[in-house]
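Student: Could we go through this structure together? I'd like to start with the cysteines and then move on to the rings.

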Amino acid sequence: MEHIHAGKVRDLYRDGEDILLVASDRISVYDVTLPTPIPGKGALLTQLSNWWFEHFRDVVPNHVRSVTDVPAEFAGRAIRCRPLKMVQVECIARGYLAGMGLREYQKYGTVSGVALPPGLEEGSKLPEPIFTPTTKASEGHDEFITFDDVVNQEGRATAERLRELTLEIYRRGAEHAANQGILVADTKLEFGWDSDGVLTLGDEVLTSDSSRFWPADEWEPGRPQYAFDKQFVRDWAAGTGWDKTPPGPEVPADIVEATRRRYAEAYERITGNTWQ
């Protein structure tokens, strides 16, 4: 088994013709990995992704070969995958205004070139979900790009398919989550080409690292929302006075535990399973 890549949260290993995607307990905010892990986070992300991969099996092929045929040391937090040639676009769907989308809207009235109605505020529900792709930066920050930029980079047929799949997964996922009391404000998806040239869903799906999850009964536009996702850690880190450059601050034990509880609650509400 060969270690081929270390990401901010995940590690990739080559094992024969397969790839092992291993989620660590690391957490990153503002593109910086913090020095303090969140115990159990890697397993939570992996198990939630596995649940969603199965949920969306009739929508799009995914990269999962096995969730159990992994080395014992990685059990519960690794997926055995088919290798993919990843599309160099972060595919983001937004149903509510927050984060980068809110800041872009406040400047220009648009997000990724999509015009939005005037008068929206933080946490506002959009008239309909929108596709707001970004670059996929290996270093530094991702930046918004337009749908036409994706067309120019990937071709029209691929760009339209990426948009179609991203919005379909978002709509179906958001509908399921809403029935469990969670609003999915936005989510990031990644796709790649398998060895047969089929566009395939990879990486992670609708997790607390790749999405904004809000409790539906506490949603109130015009203010920050209670977060079942890493926005909670972003807000804590920003409040320390940290300048968002490496190294990141150590995370206090109470913030670690609160983060773990929020991730676990999102998992339990969405899947209906009890997190052990």
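Student: How many disulfides does a search of the whole structure find?

Tutor: The search finds 0 disulfides, a disulfide being a pair of cysteine sulfur atoms within 2.5 Å. Keep in mind that this is a predicted model, in which local features need pLDDT of at least 70 and side-chain atom pairs count only at pLDDT 80 or more, while totals for chains, interfaces and linings use all residues. Residues are numbered from 1 along each chain as its sequence is written, and side-chain values use heavy atoms, with hydrogens and water left out.

Student: Why is there no bond for Cys 81?

Tutor: Because the closest cysteine sulfur, in Cys 91, is 18 Å from the sulfur of Cys 81, which is too far for a bond.

Student: And is Cys 91 buried or exposed?

Tutor: Cys 91 is buried, at 0% relative accessibility, where buried means under 20% relative accessible area, exposed over 50% and partly exposed in between, with a 1.4 Å probe and protein chains only. Cys 81 also counts as buried, at 2%.

Student: OK, rings now. How many aromatic pairs turn up?

Tutor: There are 8 aromatic pairs in the whole structure; rings of Phe, Tyr and Trp (its six-membered ring) pair if their centres lie within 6.5 Å, and planes under 30 degrees apart count as stacked, over 60 as edge-to-face and the rest as tilted. One of them is the stacked pair of Trp 52 and Phe 56, with 5.3 Å centre to centre and 10° between the planes, and both of these residues are buried.

Student: Which residues do ring pairs link into a cluster with Trp 52?

Tutor: Trp 51 and Phe 56 are linked with Trp 52 in that cluster.
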